[in-house]
Amino acid sequence: MQFAINTTFSNIRFKLNTILKSVLLFLLALSFTQYSNAQELKLKYFGGAGWEMSEGNVTILVDPYISRLKLGDSPSNSKDDTRKSYYPKDVYQSDTITINKVLDKKVDFILVHHSHLDHLADVPYIAKKTGAKVIATETSCKILKAYGIPEDQLLRVRGGEDYQFDKFSVRVIPSIHSALDDKHYYDSRQHTEDIDLPLKLEDFIEGKSLMFLVRFKNHKVLTAGSMNFIEREVGGLKPDIILPGVNFSRLEIYKYTERLLALTNFPKIVIPTHWDNFRVPYGFSQADAIAKKVNPFIEEVKLASPNSKVIVPVHLETITIK
Ligand SMILES: [Zn+2]
């Protein structure tokens, strides 16, 4: 009997030892995974100048324009796109079905470069859905207020701010809009008074332009919403990753790629943004935009900053940077 009891006890002790070891190993593996995940930056391209950026447990959206409405009678529209066309006097409507499909995680912050519809127009719905705080100009915030986003969620900025948050910081950089229409683009309008719904497409005016330097724990990302920048504002920034606008209007700017990369200390990773045809839904070919805008840009980077690696983003696919 004594023998039997001893055997049972030693069996139990053996099992406890094994369980304890397994638990310790599991905890070790878990903390290692979390540690290595915390080092990684994940970027997902929404098209236009739109991004989801995550490091650790912080998720920030930038200019999330996901509706990709068919706009007017633009030659960029596709014959295969059977959706209705929107014109400047039409009331803007987000494609909430697509947004709900695409946004699958909690969002902490939304940064908005300027208030044109391909940057801001889905932010009211996304801010309401996620409760994320928005960092944007007064014009953007007036539009968000009209949609009922509470003041508590809105951080109005003008450029020059450098804000520390819990696990990241954001430097807000004054910038200028792309030189559209053969450099005839100029729009000084802003929304400074409260405005009422419904908002038409044409109500999404520029309202001043910004760039952002987002400093996560392990990576620094410089974002852009236009193919333009102010030299004295970006000079001396040292991002690891730069997301420069590479639409055709970059060619209006003196040595755009060469100057931008030199001013920002030749970032290790260059990911072109705002090059796709955002008038067609996800899944439509972007081959033309890649051939005409992205490929020539890659050649510009090779000459201007040969040690930089260019990553061409694919809609909704995650890029992981160690
Ligand atoms: Zn714009």
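# Exercises on strands, helices and backbone angles

T223 stands opposite L243 in β13, and the exercises start from that pair. The model is predicted, so that local features are taken at pLDDT of at least 70 and side-chain atom pairs only at pLDDT 80 or more, while totals for chains, interfaces and linings use all residues. Residues are numbered from 1 along each chain as its sequence is written.

**Exercise 1.** Determine how β12 and β13 pair, and place them in their sheet.

*Solution.* Begin with the terms: helices (H or I, at least four residues) and strands (E, at least two) are DSSP runs numbered from the N terminus, and two strands pair if DSSP finds at least two bridges between them. Next, take the two strands themselves: β12, residues 220-223, and β13, residues 241-243, are joined by three bridges in the parallel sense. Finally, widen the view to the open sheet, in which seven strands follow the order β9-β10-β11-β12-β13-β14-β15 with mixed pairing. The edges of this sheet are β9 (162-164) and β15 (309-310), each of which pairs on one side only.

**Exercise 2.** Describe the surroundings of β3, starting from its partners β2 and β6.

*Solution.* On the β2 side, residues 50-55 run antiparallel to β3 and are joined to it by five bridges, with M53 standing opposite I60. The two strands form a hairpin with two residues between them, and G56 in the turn has a positive phi of about 60°. With β6, in contrast, β3 pairs in the parallel sense over three bridges, and here I60 stands opposite F109. The last step concerns burial (a residue is buried if 20 or more other C-beta atoms, placed from the backbone, lie within 10 Å of its own, exposed if 12 or fewer, and partly exposed in between). Because four of the five residues of β3 are buried, the strand is largely enclosed by the rest of the structure.

**Exercise 3.** Identify the buried residues of α4 and the elements they pack against.

*Solution.* Within α4 (residues 123-130), V123, P124, Y125, I126 and A127 are buried. These residues pack against β3 (58-62), α2 (96-102), β6 (109-111), α3 (117-120), β7 (133-136) and α5 (138-146). After the helix comes G131, whose phi is positive, near 75°.

**Exercise 4.** Locate F212 within the largest nonpolar core and list its contacts.

*Solution.* A nonpolar core is a set of buried Ala, Val, Leu, Ile, Met, Phe, Trp, Tyr and Cys residues joined through C-beta atoms within 7 Å. The largest core has 66 residues, of which I110, L111, V134, F212 and V214 touch the most other members. Strand β11 (residues 209-215) gives the most to this core, with five residues. For contacts, the criterion is that the C-beta atoms of two residues, placed from the backbone, lie within 7 Å. Leaving aside neighbours within four places in sequence, F212 is in contact with L111, V170, R171, V172, I173 and T223.

**Exercise 5.** Examine the backbone at P198, K208 and H274.

*Solution.* Most residues other than glycine have a negative phi, and most peptide bonds are trans. The bond from L197 to P198, however, is cis, with omega near 0°, and P198 lies in the loop between α6 (180-183) and β11. K208 is found in the loop between α6 and β11, and its phi is positive, near 75°. Because K208 has 24 C-beta neighbours inside 10 Å, this residue counts as buried. H274, in the loop between β14 (269-270) and α9 (287-304), has a positive phi of about 55°. H274 is buried too, with 26 other C-beta atoms within 10 Å.
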